[in-house]
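Colleague: I am new to this structure; could you take me closely through the salt bridges of one helix, and then follow how they lead to the rest of the fold?

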Amino acid sequence: MDFSGFDIAILVLVALVVLVLFKGIRTIPQGFNYTVERFGRYTKTLSPGLNLIVPFVDRVGAKMNMMEQVLDVPTQEIITRDNAIVAVDGIAFYQVLNAAQAAYQVAGLENAILNLTMTNIRTVMGSMDLDELLSNRDAINERLLRVVDEAAHPWGIKITRVEIKDINPPANLVESMGRQMMAERNKRAQILAAEGLKQSQILEAEGRKEAAFRDAEARERSAEAEARATQVVSDAIAKGDVQALNYFVAQKYTEALGKIGMAGNSKIVLMPFEASSLIGSLGGIGEIAKEIFKGDGSAAGTQRQAARPPVVRPSET
């Protein structure tokens with residue numbers, strides 16, 4: 001089939017239109033921004049979706065990922081303020097906020113962020129002692145985030161998080177720290193044991209003090225009761241009541257016998273008096289009790305008292 005000159009012109013025109021459309025239409029995926037350069041100079045930024053540019057004049061410059069990205073910080077050795085060498089690694093999260101600045105303000109964005117983070121890790125952690133380094137990770141992360149984000153702000157990016165993953169002291173230093181921790185724990189245990197012993201001794205002394213006070217108070221009450229009983233007997237004797245004296249003597253008499261009988265090492269008891277004396281004393285006690293219960297003023301009591309035989313008092317051999 002022969003083509004005429006007109007047909008060839010139409011085909012060329014169609015091909016040219018297709019080429020123009022191909023060069024002038026750009027589809028940007030979600031999460032990305034493309035920069036547009038006209039004769040090598042930045043002109044605008046293309047957002048996600050369908051975009052039109054001038055064919056053969058404008059071209060796509062940098063394709064920037066606008067999503068939050070993670071950057072692994074490799075392990076590096078750091079010398080702390082107290083001259084301890086530790087191996088530290090970390091992780092950084094960042095997000096591009098301005099595609100033009102991220103594309104044209106710095107060359108090699110990820111490499112720049114990585115070196116900036118590693119440098120500030122050495123600066124921040126090198127100004128701290130080892131103990132402070134191991135116990136203040138939150139403070140270290142916060143300080144690193146503030147410093148790195150401020151330094152990376154002109155690049156149009158936001159550092160969202162900087163985390164220290166591992167801090168690895170040398171093996172000999174870890175062993176020394178273990179011994180130090182054990183010594184500290186033993187010290188605290190000894191202090192607690194001493195405090196417990198001190199408190200126990202204080203409580204024991206207070207208990208002895210309270211017991212002595214109670215014992216003295218009991219002896220005082222017993223002495224007061226004995227004095228009161230003696231006073232009552234003396235008053236009764238002064239009034240001519242001999243039975244009260246008999247009761248008092250008999251009570252002491254029987255108490256002495258009870259103590260002798262309850263002695264654990266006593267097998268044979270030698271009595272320096274006759275049994276009839278004890279019976280006479282008990283008889284006197286009975287007479288006193290009868291007088292108390294029946295009353296001294298009744299006539300029947302008076303007659304029985306007159307007819308009653310006299311009380312036999314204890315006599316010494």
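**Salt bridges, and where they lead**

Modeller: Arg214 and Glu210 join their side chains in a salt bridge, with 2.9 Å from N to O; the term stands for a side-chain nitrogen of Lys or Arg within 4 Å of a carboxyl oxygen of Asp or Glu. Before going further, please note that this is a predicted model, in which local features need pLDDT of at least 70 and side-chain atom pairs count only at pLDDT 80 or more, while totals for chains, interfaces and linings use all residues. Residues are numbered from 1 along each chain as its sequence is written, and side-chain values use heavy atoms, with hydrogens and water left out.

Because Arg214 and Glu210 stand 4 residues apart in helix H6 (residues 171-238), about one helical turn separates them. Helices (H or I, at least four residues) and strands (E, at least two) are DSSP runs, numbered from the N terminus. Glu210 has 39% relative accessibility and counts as partly exposed, where buried means under 20% relative accessible area, exposed over 50%, and partly exposed in between (1.4 Å probe, protein chains only).

In helix H6 there is also a salt bridge between the side chains of Arg219 and Asp215, at 2.4 Å from N to O, and this pair, again 4 residues apart, is separated by about one helical turn. Arg219 is partly exposed at 49% relative accessibility, and Asp215 is partly exposed at 41%. Through salt bridges with shared partners, Glu210, Arg214, Glu217 and Arg221 become one network.

The whole structure holds 13 salt bridges. One of them brings the side chains of Lys165 and Asp72 together, with 3.3 Å from N to O; this pair links distant parts of the chain, since Lys165 belongs to strand E8 (residues 157-168) and Asp72 to strand E6 (residues 69-79), 93 residues apart. With 37% relative accessibility, Lys165 is partly exposed.

That bridge leads to a sheet. E6, E7 and E8 make an open sheet of 3 strands in the order E6-E7-E8, with antiparallel pairing, and two strands count as paired if DSSP finds at least two bridges between them. E6 and E8 are the edge strands, each pairing on one side only, and from one strand to the next the twist averages 20°. E6 runs antiparallel to strand E7 (residues 85-96) and is joined to E7 by 9 bridges; Val73, for instance, has Gly90 in E7 as its bridge partner. Helix H3 (residues 109-126) packs on this sheet, touching E6, E7 and E8, and the direction of H3 makes about 40° with that of E6. Axes here are lines fitted to C-alpha atoms, for helices over the stretch in contact, and angles run from 0 to 180 degrees between N-to-C directions; contact means heavy atoms within 4.5 Å. Ile79 has Ile85 in E7 as its bridge partner. E6 and E7 form a hairpin with 5 residues between them, and Asn83 in the turn shows a positive phi of about 65°.

Next comes the interior. The largest nonpolar core (a set of buried Ala, Val, Leu, Ile, Met, Phe, Trp, Tyr and Cys residues joined through side-chain atoms within 4.5 Å) has 37 residues, and those with the most contacts inside it are Leu109, Met125, Trp155 and Ile157. Two or more residues of this core come from each of strand E5 (58-65), E6, E7, H2, H3, helix H4 (130-135), helix H5 (137-152) and E8, and H3 gives the most, with 9 residues. If neighbours within four places in sequence are left aside, Leu109 is in contact with Met64, Tyr94, Val96, Ala102, Trp155 and Ile157. Another core, of 6 residues, lies apart from the largest one and includes Ile28, Leu46, Ile53 and Val60.

Last come two loop residues. Most residues other than glycine have a negative phi. Phe39, though not a glycine, has a positive phi of about 55°; Phe39 sits in the loop between strand E2 (32-38) and E3 and is exposed, at 71% relative accessibility. Phe56, also not a glycine, has a positive phi of about 65°; Phe56 is placed in the loop between strand E4 (49-52) and E5 and is exposed, with a relative accessible area of 52%.
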